[in-house]
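Colleague: Please take a close look at one part of this model for me. I want the charged side chains that pair up, and then what surrounds them.

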Amino acid sequence: MHCLLVYHPREAETYRRLLEAAGYPGPIRIARDAREAVEEIGEAEILLAGRLPDEAWPHARRLRWIQSMWAGVEHWLRAPLPEGVVLTHMVGPFGPLMAEYVFAHLLALGQHLETYRRQQAEARWERHNPEPLRGRTLAVAGLGAIGTEIARVGRAFGMRVVGLSRSGKPHPLAEAVYTPDQIEAFCAQAQVLVLVLPHTPETEGLFGEKALSALPSGAILVNIGRGAILDHDALLRALESGRVRHAVLDVFPTEPLPPESPLWRHPRVTVTPHVAGVSLPEDVVAAFMANYRRYVAGEPLVGVVDRQRGY
């Protein structure tokens, strides 16, 4: 039987109950802190976790497969993974959640909901013309599973979609797909720019002065990828010039975002605490069990991470 270790500081017991209910056939061990992780990792063949304390790695003698609870993997790539361990990340559940996040903000901005909320507090009756999404160009940087879902919803709202990806290969939902060396042509069309890229050496700072200066005046920017792909100094200058009308930021190079950051108090920036793609235990367990069945059958796993590419 395949011994499974679940590491989660708060919800390890919840995961165990869900895994048992889903029919996981082997022993399930749980750890909630570094001490427990050190005690339990030695017998584990499979690890289900968002991360693992550094102290536990020297004891991971039998580990063969890590299923991350998250979509992002940069912290795993910095960890001393034992030789031969397969790393998979979450694919699927985050697409609908993150698309809802993106379009909740776009719709709120286009329908002036915050303005009406302020007017309500003042008992002030004043109308503002809505700004419909239909006919606007949605530029999605990163056309994996999450970016594809955002593009699908954008098309459902009648938006024109263009994309940016490492390969630049055609995508069924995008009129055109650009590569990073074509970033200015990509950004020049972006009335709404959504960043969904992972953090790799190639994407770090990719959306800086050159890219943001190419945006059409009054663009909306949403970053749900990784904080390091966006140059915040360049973003503040783009906000000051009006090149960016509003920025919605869920991810940051340093988290939590330091209290002294000017982003907290900027009137045209929305800050949220990395909540666009929360890992819900029910979704994680469903995805893990589907991958576990592939593991037992000797079939290719979904979401295998290419450590050289960084995603």
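Modeller: Start with Arg-32, which counts as partly exposed because its relative accessibility is 40%. The model is predicted, and every value here is computed from it. Arg-32 has a salt-bridge partner, Glu-36. Their closest N and O atoms are 3.2 Å apart. Glu-36 has a relative accessibility of 13%, so it counts as buried. The cut-off for buried is under 20%. So this bridge joins a partly exposed arginine to a buried glutamate.

Opposite charges can pair in this way when the charged atoms of the side chains come close. By the rule used here, the count comes to 14 salt bridges. Two others deserve a look, and both lie within helices.

Take Glu-149 and Arg-152. Their side chains meet in a salt bridge, at 2.8 Å from N to O. The relative accessibility of Glu-149 is 16%, so Glu-149 counts as buried. Arg-152 comes out at 43%, and therefore counts as partly exposed. Both sit in helix α6, residues 145–156. They are three residues apart there, which means that about one helical turn separates them. Back at the opening pair, the bridges do not stand alone: Arg-32, Arg-35, Glu-36 and Glu-39 are joined into one network by salt bridges that share partners.

Now helix α5. Glu-114 forms a salt bridge with Arg-118. Here the closest N and O atoms are 3.5 Å apart. The two residues are four apart in α5, so the separation is about one helical turn. Glu-114 has 55% relative accessibility and therefore counts as exposed. The cut-off for exposed is over 50%. Arg-118 has a relative accessible area of 44%, so Arg-118 is partly exposed.

Glu-114 leads on to a pocket. Which residues lie nearest the centre of the second largest pocket? Glu-114 is one of them, along with Ala-108, Leu-109, Thr-115 and His-246. The lining has 15 residues in total. The space inside is about 360 Å³. Helix α4 (94–110), helix α5 (113–121) and strand β11 (244–249) each supply at least two lining residues. The most comes from α5, with four. By class, the lining splits into five nonpolar, five polar and five charged residues.

Helix α4 also holds Pro-96. At 39% relative accessibility, Pro-96 counts as partly exposed. Set Pro-96 against Leu-257: the two are 161 residues apart in sequence. In space, 25 Å lies between their C-alpha atoms.

Last, a surface feature without salt bridges. Val-275, Val-278 and Leu-280 form a nonpolar patch on the surface. Together they have about 210 Å² of accessible area. Leu-280 lies in the loop between strand β12 (269–271) and helix α10 (281–297). Its relative accessibility is 37%, so Leu-280 counts as partly exposed. Residues need over 30% relative accessible area to belong to a patch, and Leu-280, at 37%, therefore passes that cut-off.

To return to your pairs: the glutamates Glu-36 and Glu-149 are buried, while Glu-114 is exposed. Their partners Arg-32, Arg-152 and Arg-118 are partly exposed.

Terms used:
Residues numbered from 1 in each chain as written. Predicted model: local features only at pLDDT ≥ 70, side-chain atom pairs only at ≥ 80, totals over all residues. Heavy atoms only, no water. Patch = residues over 30% accessible without salt bridge, like charges linked within 9 Å, V, L, I, M, F, W, Y side chains within 5 Å. Areas by Shrake-Rupley, 256 points an atom, 1.4 Å probe, with all protein chains shown as cover. Salt bridge = Lys/Arg side-chain N within 4 Å of Asp/Glu carboxyl O. Buried < 20%, exposed > 50% of the residue type's maximum accessible area, 1.4 Å probe, protein only. 1 Å grid on protein atoms, 1.4 Å probe; cavity = no way out; pocket = protein on both sides within 12 Å on 5 of 7 lines; lining within 4 Å. Points joined across faces, edges and corners; volume = space filled by probe spheres on them. Nonpolar A, V, L, I, M, F, W, Y, C, P; charged D, E, K, R; others polar.
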